[in-house]
Every structure is written in structure tokens, then in C-alpha cells.
Amino acid sequence: MGIFSFLTHDDDEDEENDSIEIEASADIERDSDHALTGELFEGMRLDVMDKDGSPLLSGRITSFDPDTLSLGRLPGELSFKISPLGTTVSLSGYDKKLIPICLSATVSESTRTTFVLKNPKVESHSENRDNFRLPYSAPVSLYRKEDTHFKSPEDCLLVNISTGGCCVQSEYIHMEDEVLRIRVKLDEYAPLNFLGQIIRCVEHTPGVFWYGILFAQLTEQEISALNKTLYNLQMGIKETRIRKEDGYW
């Protein structure tokens, strides 16, 4: 049956409860640090990344069981990028209750229209809050820590983002442990400002760097709000409510 047990619900429950809940195995201690994960369901969007966090593809669940997870193409999308068999990948998504889900799995079938994974492993809820990363391309501006009025921006590109931090692509050179201010513009949402620290530097291509940035600790309210924003972006939900001019975190 694998490391996770899948529990089905009674037929008389509503459609939302028809999804299958994944529980951590009995040998994992059930405390606040190992809460249940969210729920997978057919049609759910998952974003797939390689071990370095680079986006590979996005698809929706067509079938799953404790040992296998299959993805099909999203409406309007063309072919999948083919991945070598045996490659370990990470997957992320949001369930219907806005709970982020992170998985790791091994590629067992990869074609232009089908993506099948074996041995999916689900991380605990508390880990999901920190590790869930949404691949998303958007403008980012970096500022020196002392530039509190955001006068001297360094224009960069967002690679992925989570409630714990983000990865940005830049031609500017920065050092590990450097503290910066980050302004991110996500779709139609007002810009969000973060204080963060560079914890990883990689030369992605010659002269182009990827920086892993850890945000200063967010409050529970800020985490919930950002999770909802990321969910809306992932599901293609447009923001229609009036927001403040700037969001500060």
C-alpha cells in the first residue's frame, strides 16, 4: 500500500468530501509538527519542478493511488516537456481548502501528453507551509536594505515564490547572507514588499544568477493572505476586489 493510506468517504457526503484524503503513515508522530496534509482530487492542478526548483511542467491529476500519480494537460496547454525516466521531481499545488501540498516522486512515464509518477511521497502540513513553491514568472525589484524608500531598483524576474521565500533571476551580483528588500508584482495584485536574506546563489547560465531568498518571518495572517493569493494565481482566478495601493509584509 505504500507509505500513505488513502481514505475514501461515504457516497452521501458532498462533492468536496469526495476527494481522497492522504494521511501520514502510522509511524509518523501525530503532533503539531506532523499534521495531516491537504487532499488530492482528480482535476487538481500540480506544478512540477526538478531537484533545483526549475519549472518542468504543469498538469492536472487524471488518476492517483498510493503508488502512482498521473497528470494530464491543462485546458489550452500544448505538449508536456519530456523528462528522463527515473528522474526525481517535486510537485506542488493547493487543495480545495487552500492547504498547500508538496510531494516528491519518480518519473515512470513521460510523453507529450502523459506524465506518470511512481512512489509519491507527501510532506507534512507544517513542511508544506514552508516548502510549497509556486513556479511563477513576474517582475521583481531588489533594493538594498537601507533603501527604505525604494528609490534604486534592480529589475529581476521571479522564478518561484512561497510563504517562506522566493527564487529570483538576476544579472546583478549579490553575496550569500546579504539582506535585501524585495518588491514583487503578482498579476493584478498590488505590489508586495518583503525583507529577505539570500541563502543560496547559483549561476544558472553564464552571467545570469538565481538567488534563493528567505523572507523575514511572516505572521499567520500574512501567510494565510499570501497562500490565498498563490492559490488564485495557480487556479487562474482573477482578482476583482479593490485592494490597497501597496501590500507590506
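Which residue in E12 is the bridge partner of proline 139? It's leucine 157, and that pairing is a handy way into the sheet around E12, which we'll come back to below.

## What you're looking at

This is a predicted model, so start with how far to trust it: the protein chain averages a pLDDT of 79, with 76% of the residues scoring at least 70. Confidence bottoms out in strand E2 (residues 20-23), at a mean of 32, and peaks in strand E6 (residues 68-72), at 96. Two stretches call for a pinch of salt. Over residues 1-36 the pLDDT is below 50, though the model still gives this stretch 62 contacts beyond near neighbours in sequence. Residues 239-248 also stay under 50, with 20 contacts beyond four places in sequence.

As for the overall make-up, the chain has two helices and 17 strands. Of its 249 residues, 46% count as buried. Take the contacts with a separation of 6 or more, and 54% of them come from residues 24 or more positions apart.

## The barrel

Six strands close up into a barrel, in the order E4-E5-E6-E9-E8-E7, with antiparallel pairing. From one strand to the next, the twist averages 45 degrees.

E8 (residues 100-110) is a good strand to follow here, with partners E7 and E9. Eight of its 11 residues are buried, so E8 is largely enclosed by the rest of the structure. With E7 it pairs in the antiparallel sense over seven bridges, and the two form a hairpin with five residues between them. Look in that turn for leucine 98, which has a positive phi of about 65 degrees. With E9 (residues 115-122), E8 runs antiparallel and shares six bridges; four residues make the hairpin connection from E8 to E9.

Serine 104 is a nice residue to click on. It is the bridge partner of serine 90, and its own partner in E9 is lysine 121. A little further along, threonine 106 is bridged to lysine 118 in E9.

## The sheet around E12

Back to E12 (residues 154-161). Six of its eight residues are buried, so this strand too is largely enclosed by the rest of the structure. E12 pairs antiparallel with E11 (residues 139-144) over four bridges, among them the one between proline 139 and leucine 157. Strand E10 (residues 134-135) pairs with E12 as well, antiparallel and over two bridges; there, proline 135 stands opposite asparagine 160.

E13 (residues 165-170) is another antiparallel partner, joined to E12 by four bridges. Three residues separate the two strands in their hairpin, and isoleucine 161 has cysteine 166 as its bridge partner in E13.

Serine 141 sits in E11. Is it buried or exposed? Its relative accessibility is 15%, so it counts as buried, the cut-off being under 20%. Leaving out residues up to four places away in sequence, serine 141 touches Pro153, Glu154, Asp155, Arg181, Ile182 and Arg183.

## Helix H2

H2 (residues 220-235) has 16 residues and reaches 22 Å from its first C-alpha to its last, close to the 22 Å expected. The helix lies across E4 (45-49), E7 (88-94) and E8, running at about 105 degrees to E7.

Plenty of H2 is tucked away: its buried residues include Glu222, Ile223, Leu226, Thr229, Leu230 and Leu233. Just after the helix, glycine 236 takes a positive phi of about 75 degrees.

## Two nonpolar cores

The largest nonpolar core has 31 residues, and the ones with the most contacts inside it are Leu158, Leu186 and Leu230. Elements giving two or more residues to this core are E11, E12, E13, E14 (179-184), E15 (192-205), E16 (208-215) and H2. H2 gives the most, with five residues.

Leucine 186 shows how the pieces meet. Setting aside neighbours within four places in sequence, it is in contact with Tyr136, Ala138, Leu158, Leu192, Thr229, Leu230 and Leu233. Apart from this core lies another, of 21 residues, among them Leu46, Ile61, Val89 and Ile101.

Key
Residues numbered from 1 in each chain as written. Predicted model: local features only at pLDDT ≥ 70, side-chain atom pairs only at ≥ 80, totals over all residues. Heavy atoms only, no water. pLDDT = per-residue confidence, 0-100. Contact = heavy atoms within 4.5 Å. Expected span 1.5 Å × (residues − 1). Buried < 20%, exposed > 50% of the residue type's maximum accessible area, 1.4 Å probe, protein only. Pairing = 2+ DSSP bridges. Axes fitted to C-alpha atoms, helices over the stretch in contact; angles between N-to-C directions. Core = buried A, V, L, I, M, F, W, Y, C linked by side-chain atoms within 4.5 Å.
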